[in-house]
Amino acid sequence: MEYLKSLLTKKNYFLIFMHYFISQIPFIGIVSTLAIILTKRNLDPSQIAIVIFLFTSSYRALKVIIAPYLDQLAAEKGIVIGCLFAAFGFLSFAISDNYYLIILSLLLTGLGISINSISSKVFTIESSEKADNKSEIFSIIITSVNIAGAIAQPFALNMLDRNYEKTILVSYAIFYIIPIIIFCYLFKKKDISVSSKKTAPLSTGFHTYLHFLKNKSFLLFVLINILIWSLYGQLYNAFSLHIGVKLNNKMLLGNYYVAMSVLIIAFQLIITNLTHKIDKGDPTKNLYRSAIAFAISFILIYFNSINILFVIAIIITFSLAEILFGPSLEVFAIQVCGHENRNVWISLVTISTALGESLGGGLGIKIYSLFGNYNTYWLYVAIYSFLVALFIFCVRYFIGSVPSIQTKNNNPLELAFDKIGNKEN
């Protein structure tokens, strides 16, 4: 396949592919099975709801607090810290039966996942700085995550069916220990091309956040990000409800998701490279193309989502929409937000992504339930998608780059890691 050529010729790309693959398996596994595991621990529904809420908040929201400090660490050092916390959290969860110990262990796990998530994204951005086609590495990541997802859920469910609950949690910890060993080894050997590079020379506190939140270009980008992810949010929420419940065809829904994953894995890098050549590196064109592809998908659902020809067309257009916007949003974010304070702006963009997906999913389901003729909902969502495409097409001309800021800061974590790295000298 096309992406194998990139993996074999670029060492950092292969490292990123494997890191995302290894770290996404436990993350996807725990997210998809946490409710089942907590039920096996004899927690009542209200306790399960609280635990899941706190865990979700820890890996989504804690990054806002820690991002300014991670900006003072080289990215691979943040990866080591994040994986260490996640591994210890999973091990603690495996041996914890007390309700409050379960909460503490999952908060630690979520913190580790959050740190690893941001640091991995920063490491990826740094690795692609000199690349002509920056979207290539993000296509490789999407491919890696899709492969991990295809493995993680069946693996986790199969283990739980056999009552190997603690075994699977220990295996998740091992998955996070592997990157620690790899990155520590490469760090000591100075065998990572972006090793020891800080993501910013600056700042403390929330001054940096205000710098981005007051910038018009950044706010416009965040709005585009929210809109695009609100379209994606339909796929696993309203669409799932429409096919799996209203049409009562769960087998068809499963076939939809499997087929789309296969197409994305097979064609992600091919289409990304093709559009990069056509657009000469402009990521915004793929964004409004993606919105149009979503709109076509929704129109097809409005007419018929069971007929085999319509099913094939919906699978192709949904897959194309996802292929187009994923890497392009990442590249556009780099162009807008710049090369400093990456942990800070990545945390803000990640929150806007969660907001967009939640609005598209939760609000989408609410609005969907209000329609007597459920097919009509998809016509209105298609119109909304076309409006999103038009908005992106027009507003992209008003988006520039966020200027840098200059302040001073010292981080004790950086000094500690520098001592480790200098032991070889």
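In this predicted model, Asp279 has a relative accessibility of 7%, so it counts as buried, the cut-off being under 20%. Where does Asp279 lie, and where is the partner it is linked to? Asp279 lies in helix 11, while its partner Arg289 lies in helix 12 (residues 284–303), ten residues apart. The two form a salt bridge, and the closest N and O atoms are 2.7 Å apart. Arg289 is not hidden to the degree that counts as buried: with 28% relative accessibility, Arg289 counts as partly exposed. The pair links distant parts of the chain.

**More salt bridges**

How many salt bridges does the count come to? The count comes to five. Among them is the pair just described, Arg289 with Asp279. Here are three of these pairs side by side, with the distance from N to O.

| Pair | N to O distance | Where the two residues lie |
|---|---|---|
| Glu165 and Arg41 | 2.3 Å | helix 7 (residues 165–188); loop between helix 2 and helix 3 (45–70) |
| Arg289 and Asp279 | 2.7 Å | helix 12 (residues 284–303); helix 11 |
| Arg396 and Asp282 | 3.6 Å | loop between helix 15 (374–395) and helix 16 (412–422); loop between helix 11 and helix 12 |

Take Glu165 and Arg41 to begin with. Why does this pair tie together parts that are apart in sequence? Glu165 belongs to helix 7 and Arg41 to the loop between helix 2 and helix 3, so their salt bridge ties together parts of the chain that are 124 residues apart in sequence. Both Glu165 and Arg41 are buried.

Now look at Arg396 and Asp282, whose side chains meet in a salt bridge. This pair also links distant parts of the chain, 114 residues apart. Is each partner buried or partly exposed? Arg396 has a relative accessible area of 12% and is buried, whereas Asp282, at 24% relative accessibility, counts as partly exposed.

**Neighbours in space**

Some residues that are apart in sequence can be compared by the distance between their C-alpha atoms. Arg342, in helix 14 (residues 342–370), is one to find in the structure. Arg342 and Asp71 are 271 residues apart in sequence, and their C-alpha atoms are 6.7 Å apart in space. With a relative accessibility of 1%, Arg342 counts as buried.

Val388 offers another example. You will find Val388 in helix 15, and with a relative accessible area of 2% this residue is buried. Between Val388 and Ala291 there are 6.5 Å from C-alpha to C-alpha, although the two are 97 residues apart in sequence.

**Two helices that cross**

Two packed helices are described by the angle between their axes and the distance between the axes. For helix 2 (residues 11–40) and helix 6 (residues 135–161), the axes come within 7 Å and cross at roughly 35°. Is the crossing right-handed or left-handed? Helix 2 passes helix 6 in a right-handed crossing. Sorted by class, their contact has 20 nonpolar residues, seven polar ones and two charged ones.

**A pocket to explore**

Next, turn to the second largest pocket, which has a volume of about 270 Å³. The pocket is lined by 22 residues, and the closest to its centre are Ser135, Gly281, Pro283, Val331 and Gln335. Two elements give two or more residues to this lining: helix 11 (250–279) and helix 13 (308–337). Which helix gives the most to the lining? Helix 13 does, with seven residues. By class, the lining of the second largest pocket has six nonpolar, twelve polar and four charged residues.

**Two residues with positive phi**

Finally, have a look at two backbone angles. Asn42 has a phi near 65°, a positive value in a residue other than glycine. Asn42 sits in the loop between helix 2 and helix 3, and with a relative accessibility of 70% it counts as exposed. Lys280 is not a glycine either, yet it has a positive phi of about 55°. The place of Lys280 is the loop between helix 11 and helix 12. Is Lys280 buried or exposed? At 76% relative accessibility, Lys280 counts as exposed, because the cut-off is over 50%.

Conventions. Residues are numbered from 1 along each chain as its sequence is written. This is a predicted model: local features need pLDDT of at least 70, side-chain atom pairs count only at pLDDT 80 or more; totals for chains, interfaces and linings use all residues. Side-chain values use heavy atoms; hydrogens and water are left out. On a 1 Å grid over the protein atoms alone, a cavity is a set of points where a 1.4 Å probe fits but cannot get out, and a pocket is an open set with protein on both sides within 12 Å along at least five of seven lines; lining residues have an atom within 4 Å of a point. Grid points are joined across faces, edges and corners, and a volume is the space filled by probe spheres set on the points. Helices (H or I, at least four residues) and strands (E, at least two) are DSSP runs, numbered from the N terminus. Ala, Val, Leu, Ile, Met, Phe, Trp, Tyr, Cys and Pro count as nonpolar, Asp, Glu, Lys and Arg as charged, and the others, Gly among them, as polar. Axes are lines fitted to C-alpha atoms, for helices over the stretch in contact, and angles run from 0 to 180 degrees between N-to-C directions. A crossing is left-handed if the near helix is turned anticlockwise from the far one by less than a right angle, and right-handed if clockwise. A salt bridge is a side-chain nitrogen of Lys or Arg within 4 Å of a carboxyl oxygen of Asp or Glu. Buried means under 20% relative accessible area, exposed over 50%, partly exposed in between (1.4 Å probe, protein chains only).
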